[in-house]
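Colleague: Before we discuss the assignments, please show me the model.

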Amino acid sequence: MDKLQFAIVLCTTRENRSSDQVGDWVLDEARKLNNHNYEIVDLKDYPMSFFGDNDSVEIAKKFNDRLRIFDGYIFVLAEYNHSIPGVLKSALDWVNDSIANKAAAIVSYGAVGGARAAEHLRSILGQLQVADISRQTLFSIFNDFEPQKHFKPQKLQYELFAEMIEQLELWTKAFKSIRN
Ligand SMILES: Cc1cc2nc3c(=O)[nH]c(=O)nc-3n(C[C@H](O)[C@H](O)[C@H](O)COP(=O)(O)O)c2cc1C
């Protein structure tokens, strides 16, 4: 089987963020589970202003060009004010058809596992014609992070993550077959 290409999208950009720790874990664990290709795509590398800002058009094009090469996506999502981080919403407003007709999974974290943010992201992905898989990995900032915000997932998370990756692989393969 051809290797599938997956982007692990880091969805926060603030200093001392946790998304890079969680993203590195996702990268390491996903690579242990199968032989597909996984790469980090960091929103920090695409400092766009809000949609419509002419100075951001070039960087938005680079962002879409980067996203386009992948077959599927894993969003590493924090919850901000019961929703997705504004920087992610703004970036998604710039997204054209680069991610359409592909599958995506969500790895979220927050006080209640980032569940509320994930539901909002699912509705945005639907509009962008991305098929979000139902399996999700939810990390609790109380149980999966040690003091000083060191990321240390509980054992059961490994199993849930593996189930999520399995479903993502299945749908990613299926959606690849409907694209040119
Ligand atoms: C602006 C802001 C708003 C937040 N709002 C929520 C929230 O509504 N629910 C929640 O569970 N956590 C909330 N948190 C806590 C974050 O989930 C937690 O700090 C997480 O580590 C943020 O991700 P980051 O470190 O990658 O930026 C908020 C954090 C920030 C900075």
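Modeller: The exchange below concerns one strand and its first residue.

Modeller: The model is predicted, so local features need pLDDT of at least 70, side-chain atom pairs count only at pLDDT 80 or more, and totals for chains, interfaces and linings use all residues. Residues are numbered from 1 along each chain as its sequence is written, and side-chain values use heavy atoms, with hydrogens and water left out.

Colleague: Why is K102 said to have no salt bridge?

Modeller: A salt bridge requires a side-chain nitrogen of Lys or Arg within 4 Å of a carboxyl oxygen of Asp or Glu. For buried K102, the nearest side chain of opposite charge, D71, is 6.2 Å away, so the criterion is not met.

Colleague: What makes the approach of K102 to F70 a polar contact?

Modeller: The backbone oxygen of F70 lies 2.8 Å from a polar atom of the K102 side chain; the definition asks for N or O atoms within 3.5 Å, one able to donate a hydrogen and the other to accept it.

Colleague: Why is β4 described as largely enclosed?

Modeller: Nine of the nine residues of β4 are buried (under 20% relative accessible area, 1.4 Å probe, protein chains only), so the rest of the structure largely encloses this strand. K102, which lies in β4 (residues 102-110), shares one covered side with A104, I106, S108 and G110. On the other side are A103, A105, V107 and Y109, also buried.

Colleague: How do you know that β4 pairs with β5?

Modeller: Pairing needs at least two DSSP bridges, and eight join β4 to the parallel strand β5 (residues 130-140). Among the partners, I106 is matched with Q136, and Y109 stands opposite F139.

Definitions and conventions: Helices (H or I, at least four residues) and strands (E, at least two) are DSSP runs, numbered from the N terminus. Buried means under 20% relative accessible area, exposed over 50%, partly exposed in between (1.4 Å probe, protein chains only). Lys and Arg count as positive and Asp and Glu as negative; His and the chain ends are not counted.
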